[in-house]
Amino acid sequence: MLPMPGCCWLCLMPTALHQQGICSLCYRQLPASPSSCPRCGLPAASGDVDCGRCLLRPPPWQALVAVTNYQPPLSLLVRQFKFQQITALSVMLARLILLSWLQQRRTRQLVRPEIVLAVPLHQRRAWRRGFNQADLLARKLAYWIGSDYSAQGLRRVRAADLQHQLSARARRKNLRGAFKLEIAVAGRHIAVVDDVVTTGSTVAEISRLLQAAGAASVQICCLCRTL
């Protein structure tokens, strides 16, 4: 059941501003993520320094911002947004990413990205779904933080098997050569937005592409990081 305009998506109580989508009480009660590495987003002893995994084999991005790990109630909202086509959720979900990004900017001095990109869907999959959930999130995030958004800056040029059906190694192989960069990013700070980061294979492939093109830094912004 959809809440009325101006109501919290979780408790259905009225919100002070209808754009919020979630009341302050429900926001404070969202499950907190365990201490996680600021670079890969996986559980770590400290949330202030890179974990041992990243020191030995750092991912091809510089920071990862996630609202929480993949658990209710956010995981339920993500599924409704993504698979039940409830696109009205995009404002509230993008706002949650914004709040997490602002917090990390204060505590970790994250650089403000000059360009925001969304993880693209292949044309056929975007046509079947009717929208790209990452695009809806990225547009709003870019507007709120004052960054440029390039809707066509990154394209998926090769269809691939569904990632959730594959192992981590198969995911990496599945994504080789799947993306094409259409804009100049040399010397620019880039943020890549996705709804859920699971193994990180998709955002890693995109990050390597951006770094090969000379990007100054790459940060990943998502709703959930699967632990």
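Which residues point one way from strand 2, and are they buried or exposed? In this predicted model, I115 and L117 point one way from strand 2. V116 and A118 point the other way. All of these residues are buried. In a regular strand, side chains alternate between the two faces of the sheet.

Strand 2 belongs to an open sheet of 5 strands. The strand order is 1-7-6-2-3, and the pairing is parallel. Strand 1 (63-69) and strand 3 (148-149) form the edges. Each of these edge strands pairs on one side only.

Strand 2 has strand 6 and strand 3 as its neighbours in the order. Towards strand 6, residues 115-118 of strand 2 run parallel to residues 189-197. This pairing comprises 4 bridges. Within the pair, I115 stands opposite I190 of strand 6. A118 stands opposite V193 of strand 6. Towards strand 3, the pairing of strand 2 is also parallel and spans 2 bridges. Here I115 faces D148 of strand 3 as its opposite residue. I115 of strand 2 thus stands opposite I190 in strand 6 and opposite D148 in strand 3.

A helix packs elsewhere on the sheet. Helix 3 (residues 74-83) lies across strand 1, strand 6 and strand 7. Strand 7 covers residues 217-225. Helix 3 runs at about 100 degrees to strand 7.

Definitions and conventions: Residues numbered from 1 in each chain as written. Predicted model: local features only at pLDDT ≥ 70, side-chain atom pairs only at ≥ 80, totals over all residues. Heavy atoms only, no water. Pairing = 2+ DSSP bridges. Contact = heavy atoms within 4.5 Å. Axes fitted to C-alpha atoms, helices over the stretch in contact; angles between N-to-C directions. Buried < 20%, exposed > 50% of the residue type's maximum accessible area, 1.4 Å probe, protein only.
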